[in-house]
Amino acid sequence: MASSRSHDASVREWQSYVDDHGIQAILKECVVQLCIAKPENPHAFLKDYFANLEKKHSSPDAQPAPIAPASTTNSENGVGAPDDGAAAPPPPAAANQRPRGRRGAVSAA
């Protein structure tokens, strides 16, 4: 039983950390931007995305909204031209799309 309680406490601690730091929202926005951009080199895109997010977060006038990466990597060699900084618009919603249910970030099992 002690192992189960310890595991449950760990899961609560992890979930609290994820909630306190807005990790779900950060990862969701990152994946959305990745899917919109569809870069040839997703690893470089993710590296740029998080580097720019860190710069934005550490600046004195940081805003809570996520930012798009400064460059895309759609060219054949995996290195893209600098982006103008504007985030791509979200994809259009389907007319008959059902609302999504709640999705959890941390699984206890």
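**Figure 1. Lys 38, an exposed residue just after a helix.** With a relative accessibility of 63%, Lys 38 counts as exposed in this predicted model, because the cut-off for exposed is over 50%. Lys 38 sits in the loop between H2 and helix H3 (42-58). Look at its backbone while you are here: phi is near 45°, a positive value in a residue other than glycine. Lys 38 is also the residue that follows H2.

**Figure 2. Helix H2, checked end to end.** How far apart are the end C-alpha atoms of helix H2? They are 21 Å apart. Helix H2 covers residues 23-37, and at 1.5 Å a residue its 15 residues should span 21 Å, so the model agrees with the expected value. The expected span uses one less than the number of residues, which is why 15 residues give 21 Å. An α-helix has 3.6 residues a turn, so residues three or four places apart point the same way. Confidence is highest in H2, at a mean of 96.

**Figure 3. Cys 30 and Cys 35, two cysteines without a bond.** Why is there no bond between the sulfurs of Cys 30 and Cys 35? The sulfur of Cys 30 has its closest cysteine sulfur in Cys 35, and at 9.3 Å that is too far for a bond. A disulfide would need the two sulfur atoms within 2.5 Å. Seen from the other side, the sulfur of Cys 35 has Cys 30 as its closest cysteine partner, again at 9.3 Å. A search of the whole structure accordingly finds zero disulfides. As for their surroundings, Cys 30 counts as buried at 3% relative accessibility, whereas Cys 35 is partly exposed at 45%.

**Figure 4. Tyr 49 and Phe 50, an aromatic pair.** How many aromatic pairs does a search of the whole structure find? The search finds one. Its members are Tyr 49 and Phe 50, with ring centres 5.4 Å apart and 85° between the planes, an edge-to-face arrangement. That label applies because planes over 60 degrees apart count as edge-to-face. Is each partner buried or exposed? Tyr 49 counts as buried, at 0% relative accessibility, while Phe 50 counts as partly exposed, at 34%.

**Figure 5. The whole chain, for orientation.** Stepping back, you can follow an α-α-α pattern along the sequence, made of three helices and zero strands. Of the 109 residues, 15% count as buried. The accessible surface comes to about 8,600 Å², and 56% of it belongs to carbon and sulfur atoms. Among contacts between residues at least 6 apart in sequence, 42% join residues at least 24 apart.

**Figure 6. Residues 66-97, a stretch to read with the confidence scores in mind.** Over residues 66-97, pLDDT stays under 50. The model has 49 contacts beyond four places in sequence for this stretch. The chain as a whole averages a pLDDT of 72, and 53% of the residues score at least 70. For the helices, the mean runs from 90 in helix H1 (residues 2-20) to 96 in H2.

Methods
Residues are numbered from 1 along each chain as its sequence is written. This is a predicted model: local features need pLDDT of at least 70, side-chain atom pairs count only at pLDDT 80 or more; totals for chains, interfaces and linings use all residues. Side-chain values use heavy atoms; hydrogens and water are left out. Helices (H or I, at least four residues) and strands (E, at least two) are DSSP runs, numbered from the N terminus. Buried means under 20% relative accessible area, exposed over 50%, partly exposed in between (1.4 Å probe, protein chains only). Contact means heavy atoms within 4.5 Å. Accessible areas come from the Shrake-Rupley method with a 1.4 Å probe; for residues, only the protein chains shown count as cover. Rings of Phe, Tyr and Trp (its six-membered ring) pair if their centres lie within 6.5 Å; planes under 30 degrees apart count as stacked, over 60 as edge-to-face and the rest as tilted. pLDDT is the predictor's confidence in each residue, from 0 to 100.
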